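Student: I have a new structure open and don't know where to start. Can you walk me through it?
Tutor: Sure, have a look at it and ask away.

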Amino acid sequence: MSSIYSQSEYLHFVSELFEQGIVDEKDREIVEFIIPDRLKRLYDVLNERTRYISILLEAVDDGHNQAAVLRSADAFGIQDITIVTGRAPFAPNDLVTRSADKWLTLHHQPNIETAISDLRQKGYQIYASQLCDEAVPIEELEVSKPTVLIFGNEHSGVSKKATELADGTFMIPMKGFVQSLNISVAAALAMREVTERAKKAAGEQYYLTMKEKRELFREWMMKSLNKRLRKMIIQKRESRN
Ligand SMILES: C[S@@+](CC[C@H](N)C(=O)[O-])C[C@H]1O[C@@H](n2cnc3c(N)ncnc32)[C@H](O)[C@@H]1O
């Protein structure tokens, strides 16, 4: 495949990666195997990623909905998704995700209590989607702190337990005859709204730290290799240890 980069542009870009600290000498053997355009794409996407906004899916059972949420999270730069399964397993439909899930960090939790307590320990404020009059319209949700949005089951919505444990509730105002949106549509609209506002509210704090970038970039580079190369690099590393 031909590259949009000349050899000198590529070499300059790679040296910038080292200078910025996105990669270090240990990574050189992987960097050299990644095609230039892919390397640049990983870097560009990395620089838009956030952990400032995060998503918790509670008992979202439909594989198409699960997949559509992951795809939107990737599109809006949200790296972390916490999952508490309901009746159905978490099995996002491959045709819908278009491999978006490969680049995300999924945190599976056994129940909603553990999920919320883990997120709280990480410093998040937690808001549950709720179709009620008391819920804050999403445009007014305060995002001056790292924020998690909870989305719930296709039929029963977010559980009472989750709503009680959350710091508050939010909703996307509805103006039509139907009472609710499809979960994946609601999640996409909410993600778009809060990420745009949080970027402005949080500035640099919105984006990953250099340490987080380095770890994720390394993980993504490994995932970008074909199986044979990945195996070869792992073996080479093991033989050195
Ligand atoms: C189809 S709705 C569930 C409807 C359920 N009867 C209820 O009252 O929550 C599935 C999920 O989509 C999300 N959702 C749907 N419409 C929404 C809206 N207008 N604002 C925020 N979230 C919404 C919520 O996460 C909800 O739990």
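Student: How many helices and strands does the chain have?
Tutor: The chain has 10 helices and 7 strands. Keep in mind that this is a predicted model.

Student: What box do the C-alpha atoms fill?
Tutor: Taken along the principal axes, the box is roughly 60 × 35 × 35 Å.

Student: And what share of the residues is buried?
Tutor: Of the 241 residues in the chain, 34% are buried. As for contacts, among those between residues at least 6 apart in sequence, 80% join residues at least 24 apart.

Student: Which residues touch the most other members of the largest nonpolar core?
Tutor: Those are I55, I150 and F151, in a core of 45 residues. The elements giving two or more residues to this core are β1 (53–58), α4 (63–75), β2 (80–84), α6 (112–121), β4, β6, β7 and α8. Of these, α8 gives the most, with 7 residues.

Student: Is there another core, and which residues does it include?
Tutor: A second, separate core has 11 residues, including I30, L39, L42 and M221. On the general side, nonpolar side chains tend to be buried together in soluble globular proteins.

Student: Back to I55. What is I55 in contact with?
Tutor: Setting aside neighbours within four places in sequence, I55 contacts V69, A73, I78, I81, V148, L149, F151 and A187.

Student: Now the ligand. How many residues surround the ligand, and which are closest?
Tutor: The ligand is surrounded by 14 residues, and the closest are S129, F151, G152, G157 and A186. By class, this shell has 9 nonpolar, 4 polar and 1 charged residues.

Student: Does UniProt say anything here, and which residues does the "binding site" annotation cover?
Tutor: The UniProt annotation "binding site", from an unreviewed entry, covers S129, I172 and L181. These residues span 53 residues in sequence, but no two of their C-alpha atoms are more than 11.3 Å apart, so they gather at one spot.

Student: Where is S129, and is S129 buried or exposed?
Tutor: S129 is in strand β4, residues 125–129. S129 counts as buried because 26 C-beta neighbours lie inside 10 Å, and the cut-off for buried is 20 or more. Apart from neighbours within four places in sequence, S129 is in contact with L149, I150, F151, G152, V158, F170, M171 and A186.

Student: And L181?
Tutor: L181 sits in the loop between β7 (168–171) and α8 (183–202). With 18 C-beta neighbours inside 10 Å, L181 counts as partly exposed. Leaving out neighbours within four places in sequence, the contacts of L181 are I172 and A186.

Student: You listed G157 by the ligand too. Where does G157 lie?
Tutor: G157 lies in the loop between β6 (147–151) and α7 (160–165). G157 is buried, with 21 other C-beta atoms within 10 Å. Not counting residues up to four places away in sequence, G157 touches L131 and G152.

Student: How far apart are G157 and N241?
Tutor: They are 84 residues apart in sequence, and 50 Å apart in space from C-alpha to C-alpha.

Student: Different topic. Which residues does the UniProt domain feature take in?
Tutor: In the unreviewed UniProt entry, the feature "domain: tRNA/rRNA methyltransferase SpoU type" is placed at residues 54–191. The end C-alpha atoms of that span lie 9 Å apart, and the span is 30% helix and 22% strand.

Student: What about α1? How many of the residues of α1 are buried?
Tutor: The number buried is 0 out of 14, so α1 lies largely in the open. Helix α1 covers residues 7–20 and reaches 20 Å from its first C-alpha to its last, close to the 20 Å expected at 1.5 Å a residue. After α1 comes G21, whose phi is positive, near 90 degrees.

Student: And α10?
Tutor: Helix α10 covers residues 227–240, which is 14 residues, and reaches 20 Å from its first C-alpha to its last. The number of buried residues in α10 is 0, so α10 lies largely in the open.

Student: Last one: where does K40 lie?
Tutor: K40 lies in helix α3, residues 36–46. K40 is partly exposed, with 19 other C-beta atoms within 10 Å. The C-alpha atoms of K40 and L17 are separated by 9.9 Å, with the two residues 23 apart along the chain.

Technical notes: Residues are numbered from 1 along each chain as its sequence is written. This is a predicted model: local features need pLDDT of at least 70, side-chain atom pairs count only at pLDDT 80 or more; totals for chains, interfaces and linings use all residues. Helices (H or I, at least four residues) and strands (E, at least two) are DSSP runs, numbered from the N terminus. A residue is buried if 20 or more other C-beta atoms lie within 10 Å of its own, exposed if 12 or fewer, and partly exposed in between; C-beta atoms are placed from the backbone. Two residues are in contact if their C-beta atoms, placed from the backbone, lie within 7 Å. A residue is near a molecule or strand if its C-beta atom, placed from the backbone, lies within 6 Å of it. Ala, Val, Leu, Ile, Met, Phe, Trp, Tyr, Cys and Pro count as nonpolar, Asp, Glu, Lys and Arg as charged, and the others, Gly among them, as polar. UniProt positions are given in the numbering used here, feature names are shortened, and annotations may be inferred rather than shown by experiment. A nonpolar core is a set of buried Ala, Val, Leu, Ile, Met, Phe, Trp, Tyr and Cys residues joined through C-beta atoms within 7 Å. The expected span of a helix is 1.5 Å times one less than its number of residues.
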